[in-house]
Amino acid sequence: MFFEILTLFPGMFESVFAESIVRRAIDKGVVSVGIDNIRDYTGDRHRTVDDYPYGGGPGMLMKPEPVVKALDAARKRHAGLSPKIIFLSPRGELFNHGIARELSAEQGLVLLCGRYKGLDQRVVEKHVDREISIGDYVLSGGELAAMVVVEAVTRLLPGVLGNEDSAAVDSFFDGLLSPPEYTRPEIFDGVSVPEVLLSGNHARIREWQERQARDITMARRPELWRRYGGEKDI
Ligand code: ADE
């Protein structure tokens, strides 16, 4: 699978992709990541990438021309394939595990990182397949959001994770938050590991973990609990 990231701040991606699970996936040949600077597609002496919004108001918008040229160049680099064009923006649909799974089935993703107040709507309507937000807060741009999407999608691809940290045991894999975990020592700071985990009784352990997962999901994420179909169990 390939990722093409279109950004005004390419340097932001260097350390994250040099060290994370994404690096491992690149080294294994499971994914490729290209990072392209939208500013390289400007035509004027000042390399202008923003402009005033029609109708006034504070803030600037990304100019359409450099963005569309950068998108065309990304498509050309993968001619014959049809990547999904994702625009990272606080106005997008809320990213979650289900969307990560859908995206992991694509041949490639072009991740367009917004800056300033956003992007000319004509570009969004003509070129963008999916507008995605990573949460109900405003970041200074889509770069951190693009990193989140790349990491969440990459770890779902076959061959990226080893058994020990398999995606199958992640929170959200079965729609619930994960139960609490403990490691040695058995007593730390005067607090003991829950007795059931030391019992060696795997059926009891599994039952305890499921109960914990349900209780935590119910208390912290009622909307996840409802989607899981939990009400009927209470
Ligand atoms: N750009 C700015 N804020 C964002 C958010 N919450 N999600 C995705 N992209 C963004």
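Contact means heavy atoms within 4.5 Å. That cut-off is needed for the covering and touching residues below. The model is predicted.

**Exercise 1. Get an overview of the chain.**

Task: State how many helices and strands the chain has, and how much of the chain is buried.

Solution.
- Step 1. Count the elements: the chain has eight helices and nine strands.
- Step 2. Take the extent: the C-alpha trace spans about 70 × 40 × 35 Å along its principal axes.
- Step 3. Check burial: 41% of the 234 residues count as buried.
- Step 4. Look at the contacts between residues at least 6 apart in sequence: 76% of them join residues at least 24 apart.

**Exercise 2. Check helix H7 and find what covers it.**

Task: Compare the expected span of helix H7 (residues 202–220) with the distance between its end C-alpha atoms. Then name an element that covers its buried residues.

Solution.
- Step 1. The expected span is 1.5 Å times one less than the number of residues. H7 has 19 residues, so 27 Å is expected.
- Step 2. The end C-alpha atoms of H7 are 27 Å apart, which agrees.
- Step 3. List the buried residues of H7: Ile205, Trp208, Gln209, Ala213, Arg214, Ile216 and Thr217.
- Step 4. Recall the helix repeat: an α-helix has 3.6 residues a turn, so residues three or four places apart point the same way.
- Step 5. Find the cover: helix H8 (222–228) is included in what covers the buried residues of H7.

**Exercise 3. Do the same for helix H6.**

Task: Test the span of helix H6 (residues 143–154). List its buried residues and elements that cover them.

Solution.
- Step 1. H6 has twelve residues, so at 1.5 Å a residue it should span 16 Å.
- Step 2. Its end C-alpha atoms lie 16 Å apart, in agreement.
- Step 3. Buried in H6 are Glu143, Ala145, Ala146, Met147, Val149, Val150, Val153 and Thr154.
- Step 4. Their cover includes three strands, S1 (2–7), S5 (84–94) and S6 (108–113). Helices H1 (14–19), H2 (21–27) and H4 (97–103) are also included.

**Exercise 4. Read the sheet.**

Task: Give the strand order of the five-stranded sheet and name its edge strands.

Solution.
- Step 1. The sheet is open, and its order is S2-S1-S6-S5-S7. The pairing is parallel.
- Step 2. Strand S2 (32–37) and strand S7 (130–133) are the edges, since each pairs on one side only.
- Step 3. Neighbouring strands are turned by 30° against each other on average, direction ignored.
- Step 4. Take one pair in detail: five bridges join S5 to S7. Ile86 has Arg130 in S7 as its bridge partner.
- Step 5. Add a helix: H3 (residues 64–77) packs on the sheet and touches S1, S2, S5 and S6. The direction of H3 makes about 160° with that of S1.

**Exercise 5. Map the ligand surroundings.**

Task: Which of the 13 residues around the ligand come nearest, and which backbone atoms lie by its nitrogen atoms?

Solution.
- Step 1. Ser89, Ile134, Gly135, Tyr137 and Leu139 come nearest.
- Step 2. For Ser89, a backbone N or O atom is 3.2 Å from a ligand nitrogen.
- Step 3. For Tyr137, a polar backbone atom is 2.9 Å from a nitrogen atom of the ligand.
- Step 4. For Leu139, the distance from a polar backbone atom to a ligand nitrogen atom is 3.0 Å.

**Exercise 6. Inspect the loop backbone.**

Task: Where does a cis peptide bond occur, and what are the phi values of Arg47 and Tyr116?

Solution.
- Step 1. The cis bond joins Arg184 and Pro185, with omega about 5°. Pro185 sits in the loop between H6 and strand S8 (187–188).
- Step 2. Arg47 is not a glycine, yet its phi is positive, about 55°. Arg47 lies in the loop between S2 and strand S3 (50–51).
- Step 3. Arg47 counts as partly exposed because its relative accessibility is 36%.
- Step 4. Tyr116, also not a glycine, has a positive phi near 55°. Its loop runs between S6 and helix H5 (121–127).
- Step 5. Tyr116 has a relative accessible area of 40%, so it is partly exposed.

**Exercise 7. Place Ser140.**

Task: Is Ser140 buried or exposed, and which residues does Ser140 touch?

Solution.
- Step 1. Ser140 is in the loop between S7 and H6.
- Step 2. Exposed means over 50% relative accessible area. Ser140 has 60%, so it is exposed.
- Step 3. Leaving out residues up to four places away in sequence, Ser140 touches Arg115 and Tyr116.
- Step 4. Asp50 is 90 residues from Ser140 along the chain, and their C-alpha atoms are separated by 15 Å.

Terms used. Residues numbered from 1 in each chain as written. Predicted model: local features only at pLDDT ≥ 70, side-chain atom pairs only at ≥ 80, totals over all residues. Heavy atoms only, no water. Helix = DSSP H or I, 4+ residues; strand = E, 2+ residues; numbered from the N terminus. Buried < 20%, exposed > 50% of the residue type's maximum accessible area, 1.4 Å probe, protein only. Pairing = 2+ DSSP bridges. Axes fitted to C-alpha atoms, helices over the stretch in contact; angles between N-to-C directions. Near = heavy atom within 4 Å. Polar contact = N/O pair within 3.5 Å; in protein donor to acceptor, adjacent residues only side chain to side chain.
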